[in-house]
Amino acid sequence: MKHIDPLSSTLIAIFCLVVGNSFAQSPRDSIRTSQRRDTSMTGKTFTLSEIVVSASRMEEKLLQSPISIEKMSSRDIRLSAQPSYFDALENIKGVQMIVPSLGFKVLNTRGFANTTNVRFVQLVDGMDNQAPHIGAPIASAMAPGDLDVESVEVIPGTASALYGMNAINGLANILTRNPFEHTGLSIQQKVGINHVNDTQISPQLYSETALRYAQKLSSKLAFKINGSYTGGYDWIADDRADLFSNGNASAGLTGSDNPAIDPVNSYGNESANRRTLSLNGKNIVVARTGYAEKDVTDYHLRNWKGDIALHWRPVKGHEVIYAYRIAYLNSIYQRSNRFRLEDYRLGQYSIQWRAPGWQIRTYLTSENTGNSYNLRSMAENIDRGYKTDNVWFSNFTQAFNQAISQDKSTTDALQVARQAADAGRPVPGTAAFQKQIDTLRTVNNWDIGAALRVKAYLFHIEGQANLGENLLKGFKNTSGIDINLGFDHRRYSIVPDGNYFINPTEPGKNLIYGKTGGFVQLNRSFAQSKVKVGLTLRWDKSDYFTLKWNPRVTVVYSPSEMHHFRASFQSGYRFPSIFEGFSNVNSGGVKRVGGLPVMSNGIFENSYIRSSVDAFVSAVNAGVNKLGASKRDSLIAANAGLITRNTYTYLKPEQIQSLEVGYKGLWLDGDLYVDADFYYNYYQNFMAQIEANIPKGSNPDSLAFYMYDRTKQDRYRLWTNSKTTVYNYGASVGLRYMLTSDLSLRGNVSFARLDHKTSNDGLEDGFNTPQWTLNMGIAHEHIWKGLGAGLTYKWQIRYYWQSFLVNGYVPSYSTVDAQISYHFSGVLDGRIGATNLLNYYYVSFLGGPQIGGFYYTTFTWNLPQKRDK
């Protein structure tokens with residue numbers, strides 16, 4: 001366990017002193033009347049007036065929302081203990097954050113998380129900011145910066161009935177500041193440090209510089225400009241647990257003696273880099289040596305991003321907005337493998353028109369992966385670059401046999417053989433090694449190179465109208481029914497690169513994939529507005545799939561202004577992302593193929609499950625090691641029944657059905673806010689990957705011999721659907737207590753559990769969610785004069801992580817985050833803080849980096865800018 005460093009001790013002591021002093025100043029009533037900003041409100045007034053728009057795609061009171069929704073206001077952001085609003089989202093009730101890198105953090109709710117969460121949508125002012133070819137956002141790479149965020153609304157549960165596509169686990173909508181209301185110049189500088197007491201590297205500096213300028217040119221015209229630059233050094237992933245620990249158990253070679261050792265964060269020694277060799281009368285699996293992740297990547301983090309927006313109000317109530325966002329990123333990204341994103345670029349052009357009762361928006365997102373590369377392919381092709389697999393394994397066998405002839409033990413002979421086979425191998429840190437990296441990152445074929453070269457575009461248009469506010473106003477007044485309509489159309493365009501993507505039907509032309517959808521929503525109040533019922537029906541038609549219908553039924557019962565009960569049922573679909581549907585990747589002798597018929601026709605029907613082939617080979621090897629090599633052919637024939645034909649087939653959309661009940665209310669004269677929910681989900685057709693092999697020979701009697709010989713089979717990784725039906729449920733409770741108008745206590749606890757599965761085939765994504773998560777916090781905005789402080793505690797229980805890379809338990813962990821702020825004058829605010837203050841290193845998922853303490857200071861100049869209200 002790491003010790004508490006002096007900076008951490010100092011921060012804790014100062015926080016305890018100032019918060020303790022705030023309690024000792026005066027009784028509660030006298031504190032209420034003390035001086036404070038005019039933005040402060042009592043808990044009751046603040047909550048009753050709070051508005052959200054994401055739950056029903058129309059303005060409504062937070063308390064009366066028909067589904068679970070969490071809102072992080074600008075005040076919450078200001079008081080949070082985290083260095084940014086995006087980091088602070090981790091403390092919202094029901095939100096799980098996975099951290100593949102310092103510059104890439106993944107949000108998820110209600111289970112089935114992974115490092116590229118295509119089931120959770122991230123919006124900015126209602127616009128999807130995903131990377132098109134991935135189908136999910138690159139964290140906050142193209143999201144607005146701290147200076148321009150007004151609030152964030154999070155729906156922790158399915159939202160497909162209103163948002164379609166991929167919002168089956170939930171969504172976050174980041175709302176920015178309007179330049180008509182928030183004008184002036186703001187400059188922010190953050191300076192931080194991480195890797196304190198890290199055994200692998202000395203402490204590293206972090207810097208983030210941001211600027212926002214907004215000006216109201218007239219009563220009808222305003223604009224804003226944002227820009228930021230972030231630089232730092234990423235967290236290091238160096239998990240050395242062996243993924244093939246039992247691969248040579250039948251030969252008595254385990255632990256460090258295993259010649260096929262496959263550490264989690266070491267690449268070039270995976271399945272495609274192994275062979276079964278006959279050595280000293282035994283069948284022994286041997287892997288090439290491979291390289292650690294830290295050898296083949298650059299952990300320096302760089303992120304430039306900016307946006308410009310022009311707002312025009314032609315008539316009262318109408319606003320036309322043109323905006324352009326751009327992001328440039330150097331960071332680590334993770335999917336099945338880990339990638340170095342280098343010179344990665346995202347851009348988004350948008351225009352929208354908002355008016356009373358209707359709005360329409362359209363946007364175009366472009367993606368260019370620049371000089372990015374696959375870390376696994378980089379490692380294995382550095383190995384193959386100096387010596388082919390055939391030559392390496394031949395050298396290994398010759399050196400082993402020679403060592404055995406000199407009376408060396410098997411383990412010693414294996415070490416001698418590896419040293420001989422590795423002769424001439426590029427050494428990390430040398431000029432020759434770096435030259436190999438520079439060369440391979442330009443080769444766009446993962447069998448011989450490592451480049452990720454993708455250009456992709458997403459075009460989206462959508463509209464929405466509340467007919468009760470214009471065309472059917474009379475009908476609404478007579479019937480009480482409010483009618484809300486919406487439509488959207490989305491079109492992806494991928495430039496074929498010949499490796500990652502191809503166009504199988506029209507070579508040379510862009511790959512096109514689109515969908516169209518719409519919804520109608522009816523709302524009506526009954527019983528003197530104490531009961532509100534909502535009915536929503538959505539339809540979506542995606543290329544390659546039939547029309548899908550998503551209903552939503554909601555009921556809100558409000559016995560008083562202070563208490564609100566809700567219940568809802570809804571379903572949702574998720575259609576394949578571009579990568580899931582159309583990928584065409586050569587990687588280490590394995591072809592990764594999209595699951596749509598246009599990509600994988602004939603492969604499903606003629607292949608055999610790789611896991612069964614591996615079990616067959618392992619059984620034969622175990623028999624050879626026990627009975628001798630002369631029995632090999634008979635053992636192959638005897639174990640042939642282990643080989644299983646592939647029964648999986650082409651992709652279908654995922655589906656969820658979700659039931660939820662909840663309560664929001666105010667207690668103790670409005671000072672205590674309570675929000676609770678319970679949900680039960682039913683999932684079908686999880687999209688997942690299956691590995692399957694096709695024999696190269698056509699003689700059915702020789703199938704087992706083809707499958708025993710790696711060179712006589714083609715290997716595929718196919719996108720398909722799990723046959724498992726999955727049920728999960730959970731609950732959460734959040735509390736906020738306003739001791740004074742400036743001093744608040746917050747806490748939430750979330751429970752999530754995988755209930756049961758049917759027809760379990762193990763292909764579905766892992767639940768990958770801790771059963772229990774706890775967040776607690778205290779914040780005081782005005783302890784004394786301009787001094788404020790915040791403290792947050794987070795704990796999550798250990799949980800099982802299941803992924804294509806590694807399975808196992810993620811240890812439980814707890815963190816303390818803290819900040820102390822000071823308002824120096826009318827233009828300057830300062831803050832000093834830390835996340836993971838006590839610097840206990842932890843991992844948020846297996847295969848990811850070790851995360852330590854992050855210590856920072858922030859100074860913000862506002863010259864001038866309206867304060868938040």
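Strands, a helix pair and one proline in a predicted model

Trainee: What is the strand order of the open sheet of five strands?
Mentor: The model is a predicted one. Pairing in this open sheet is mixed. Its five strands follow the order β28-β29-β34-β33-β30.

Trainee: Which strands stand at the edges, each with a single partner strand?
Mentor: An edge strand has one partner, so one of its sides is left without a neighbour in the sheet. That holds for the strand at 584–587 and for the strand at 608–609. They are β28 and β30.

Trainee: Within that sheet, which residue of β34 stands opposite Val593?
Mentor: Strand β29 covers residues 590–593 and β34 covers residues 713–721. The two run parallel and are joined by four bridges. Opposite Val593 in β34 stands Leu718.

Trainee: Are helices α9 and α10 parallel or oblique to each other?
Mentor: The axes of α9 (residues 389–405) and α10 (residues 410–421) come within 8 Å and cross at roughly 140 degrees. Only angles over 145 degrees count as roughly antiparallel. The pair is therefore oblique.

Trainee: How many nonpolar residues does the contact of α9 with α10 have?
Mentor: The crossing of α9 and α10 is right-handed. Residues in the contact include Trp392, Phe396 and Phe400 of α9, and Leu414, Val416 and Arg418 of α10. By class, the contact has two polar residues, one charged residue and, as nonpolar residues, 12.

Trainee: Is Pro551 buried or partly exposed?
Mentor: Pro551 lies in strand β26, residues 548–560. Buried would need under 20% relative accessible area. Pro551 has 31% relative accessibility and so counts as partly exposed.

Trainee: Which residues does Pro551 contact, leaving aside neighbours within four places in sequence?
Mentor: Gly602 is 51 residues from Pro551 in sequence, and their C-alpha atoms are 36 Å apart. Contact means heavy atoms within 4.5 Å. With the neighbours within four places left aside, the contacts of Pro551 are Ala161, Thr536, Leu537, Phe569, Gln570 and Ser571.

Trainee: How many residues make up the hairpin that joins β35 to β36?
Mentor: β35 (residues 725–738) and β36 (residues 743–758) are antiparallel, with 14 bridges between them. Thr725 stands opposite Thr758 in β36. The number of residues through which the hairpin joins the two strands is four.

Trainee: Which residue of β37 stands opposite Leu743?
Mentor: β36 also pairs with β37, which spans residues 772–784. This pairing is antiparallel, over nine bridges. The residue of β37 opposite Leu743 is His780.

How values were computed
Residues numbered from 1 in each chain as written. Predicted model: local features only at pLDDT ≥ 70, side-chain atom pairs only at ≥ 80, totals over all residues. Heavy atoms only, no water. Pairing = 2+ DSSP bridges. Axes fitted to C-alpha atoms, helices over the stretch in contact; angles between N-to-C directions. Parallel < 35°, antiparallel > 145°, perpendicular 65-115°, else oblique. Left-handed = near helix turned anticlockwise from the far one by under 90°. Nonpolar A, V, L, I, M, F, W, Y, C, P; charged D, E, K, R; others polar. Buried < 20%, exposed > 50% of the residue type's maximum accessible area, 1.4 Å probe, protein only.
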